[in-house]
Amino acid sequence: SMKFLASVALFVLARAESETTASPVAKALTLLGDLQAKIVKEGEAAQKVYAEFSEFCEDRSAGLAHDIKTGEAEKAELEALIAEKEATVGSLTTKVEELAAEISKDEADLKSATAIRDK
């Protein structure tokens, strides 16, 4: 359709040049040619904007993929650290229970010795 319009425009322009005055059809075709040039220019500008936006999206996507990979690695490290600290808490809890049992035994022995001494 655009090619047809361009060929008709060229034909009419060539014919109009042969006449001394521009006919209304020639003027209309000139206007259509100008409009076609404007539309092509706008299309090229839109294509440039699209290409820039597409590049931005690709760069952003790559950045987010890196951030996700880094975040997953940090998550794994933190989970390992949490497991290690939970094991430490478990072992210290056991140690506290053992010491509390020793203290109770020592207090019972002291009470028993004090009772014997007081007799």
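Two salt bridges are held by this structure, which is a predicted model, and the tour below visits each of them before turning to the surface patches.

Begin by selecting Lys75 and Glu79, which form a salt bridge whose closest N and O atoms are 3.5 Å apart. Both residues belong to helix H2, where they sit four residues apart, about one turn of the helix. If you colour the model by accessibility, Glu79 falls in the middle class: its relative accessibility is 44%, so Glu79 counts as partly exposed.

Next, select Lys105 and Asp109, whose side chains meet in a salt bridge with an N to O distance of 3.4 Å. About one helical turn separates Asp109 and Lys105, because the two are four residues apart in helix H2. The partners fall into separate accessibility classes, since a residue counts as exposed over 50% relative accessible area. Lys105, with a relative accessible area of 53%, is exposed, whereas Asp109, at 41% relative accessibility, counts as partly exposed.

Keep Lys105 and Asp109 on screen and add Glu97, Glu98, Glu102, Asp106 and Glu107, which gather on the surface in a patch of negative charge. Pick out Asp106 as one of this group: it is placed in helix H2, which covers residues 24-118. With a relative accessibility of 48%, Asp106 counts as partly exposed.

Now move to another part of the surface and select Leu32, Leu35 and Ile39, which form a nonpolar patch with about 240 Å² of accessible area together. Leu35, one of the three, is found in helix H2, and at 43% relative accessibility Leu35 counts as partly exposed.

Finally, clear the selection and show the whole protein chain as a cartoon, in which you can look for two helices and zero strands. How much of the protein chain counts as buried? Of its 119 residues, 4% count as buried, a label that applies under 20% relative accessible area. Switching to a surface display brings up the total for the protein chain, which exposes about 10,300 Å², with carbon and sulfur atoms supplying 64% of that area.

To close the tour, return to helix H2 and display the stops on it together: the pair Lys75 and Glu79, the pair Asp109 and Lys105, Asp106 from the negative patch, and Leu35 from the nonpolar patch.

Notes. Residues numbered from 1 in each chain as written. Predicted model: local features only at pLDDT ≥ 70, side-chain atom pairs only at ≥ 80, totals over all residues. Heavy atoms only, no water. Patch = residues over 30% accessible without salt bridge, like charges linked within 9 Å, V, L, I, M, F, W, Y side chains within 5 Å. Areas by Shrake-Rupley, 256 points an atom, 1.4 Å probe, with all protein chains shown as cover. Salt bridge = Lys/Arg side-chain N within 4 Å of Asp/Glu carboxyl O. Lys, Arg positive; Asp, Glu negative; His and termini not counted. Charge placed at Lys NZ, Arg CZ, Asp CG, Glu CD. Buried < 20%, exposed > 50% of the residue type's maximum accessible area, 1.4 Å probe, protein only.
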